[in-house]
Amino acid sequence: MSPRAGNTGPRTLAFVESPVQLLNVLEWAHVHGLRGTDTSGAGRVVPLPAQVRRPVDGEQPAQTRSGAELTVVVLSPTDPMTRGQLRRMADLARDEGYRVRWEEARGGPAAPFQTIGGLTGRLRRADRIVMGDPFSRYVQLLLTITRAKDLVVVDDGTATMEFVAQLARGERLVRWHRKGGRPGARDLLFAPVSSSARRRLTPNADRRVEVFSSMPVQERPDGVTVTANDFGWTRARFGPPRITGGADMVGTSLVETGVVDGDRYLEAVRNLAKAHGATRYFAHRRESAEKLHRLAAETGLEIVRPDLPLELIARRGPIGRTILSFPSTVVHTLPLALAGTGVRVAVCDIDPGWLTEHASPRAQGFLSGVTGTARDVHRLAAVSPA
């Protein structure tokens, strides 16, 4: 790899589509010692103002830090809550001195062509590509353009576990909650691109592949480098938090993805909150407004819509002494982000009876694996009906 003139490392492009992916790009850059062009504040706690100036939709955020080692490309989704969290995370990336390029990648029928056309030159010049979601069709399409010899996959939650396992077994890339179902027309149409992406993500003599993850990697593909994410950047920049005496609950999008029945989920939340004295419910960014309104009305929980990934929210505080969760990414990440604070993370298993008839045949096993492989958490039995 040839360093760019005036820089200390390769030209790196990172593609993110969610706030958690962007957080983990910052964690990866911290572990590997990447620096932006403005490092005057390196090592200090970056304060997060109550109000951050957010560019209006369609506006390209100013790129004032030219020549940085790392350029983060945000392939913006349409969901308002996700967009809001991404705006805040983009500001934190700029605070670190990295360039951020905001792409309205889904802003209409012509948007994908404009986005890909505008990125083609950068993709071909990049020495290293970092991606948060190898299952993304957008990312898979971009991989067919790049000539980069270094490819990095950073955590996108529990999907990372499935990606590594599928890569190790040479299987086609399919999200875990869809595995077992019949491919649709779009899946068949996109199959050649997906197969090409899988080949690109398989290391060889000319190409290096790294997985940066806080999740357990039980099936390591040959030649893939696995680097542990211990949330060192998060702990260095935020906290320690103020600990309250009660319990907080973390929401999940398992209902929205069709895995868990909505009525059973509401019943489980109500019983779990009552059993442990929870007062706040931190909503997942993909949870529907209708479901959250019903949760508030029927459980009495205060619904909190975080404006940042939960790892940062919890690290900043205040946060309950106990955090209750169903099987999800946070049972792996929160113990790392909150290490040394005394906060206990407790995870409640998913009862097989909560699954919908449309759930993937391996949903129960996958969710049990998420819980069973989590470290430093207290495991709760599935709550019973009242």
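Student: Where is Pro 240, and why is Pro 240 called exposed?

Tutor: In this predicted model, Pro 240 sits in the loop between helix 7 (232-237) and strand 8 (243-250). Its relative accessible area is 66%. Exposed means over 50%, so Pro 240 earns the label.

Student: And how far is Pro 240 from Gly 317, in sequence and in space?

Tutor: The two are 77 residues apart along the sequence, while their C-alpha atoms are 7.8 Å apart.

Student: Now Thr 341, please. What makes Thr 341 count as buried?

Tutor: Thr 341 belongs to the loop between helix 11 (330-337) and strand 12 (344-348). The cut-off for buried is under 20% relative accessible area; Thr 341 has 16%, and therefore counts as buried.

Student: Which residues does Thr 341 touch, not counting those up to four places away in sequence?

Tutor: Those are Pro 241, Ile 243 and Arg 315.

Student: How do you know that the side chain of Thr 341 makes a polar contact with Val 343?

Tutor: A polar atom of that side chain lies 3.4 Å from the backbone nitrogen of Val 343. The limit is within 3.5 Å, and 3.4 Å meets that limit.

Student: Let's turn to strand 3. Why is strand 3 described as largely enclosed?

Tutor: Strand 3 covers residues 99-103, and 5 of its 5 residues are buried, so the rest of the structure largely encloses it. Look at each face: Arg 99, Arg 101 and Glu 103 are buried on one side, and Val 100 and Trp 102 are buried on the other.

Student: How do you know that strand 2 and strand 3 are paired?

Tutor: Pairing needs at least two bridges, and strand 2 (residues 70-75) has 5 to strand 3, so the two qualify as paired. They run parallel. As one of the links, Val 72 has Val 100 as its bridge partner.

Student: What unit do these strands make with helix 2?

Tutor: With helix 2 (residues 80-95), strand 2 and strand 3 form a right-handed β-α-β unit.

Student: Last topic: which residues have the most contacts inside the largest nonpolar core?

Tutor: That core has 43 residues, and the ones with the most contacts inside it are Val 25, Trp 28, Leu 70, Met 89, Leu 92, Leu 312 and Leu 334. Helix 1 (residues 19-31) contributes the most, with 6 residues. Another core, of 30 residues, lies apart from the largest one and includes Leu 13, Val 73, Ala 105 and Ile 145.

Student: What does Leu 334 contact, leaving aside neighbours within four places in sequence?

Tutor: Leu 334 is in contact with Leu 310, Glu 311, Ala 314, Ile 323 and Val 345.

Key
Residues numbered from 1 in each chain as written. Predicted model: local features only at pLDDT ≥ 70, side-chain atom pairs only at ≥ 80, totals over all residues. Heavy atoms only, no water. Buried < 20%, exposed > 50% of the residue type's maximum accessible area, 1.4 Å probe, protein only. Helix = DSSP H or I, 4+ residues; strand = E, 2+ residues; numbered from the N terminus. Right-handed = clockwise from strand over helix to strand, strands pointing away. Polar contact = N/O pair within 3.5 Å; in protein donor to acceptor, adjacent residues only side chain to side chain. Contact = heavy atoms within 4.5 Å. Core = buried A, V, L, I, M, F, W, Y, C linked by side-chain atoms within 4.5 Å.
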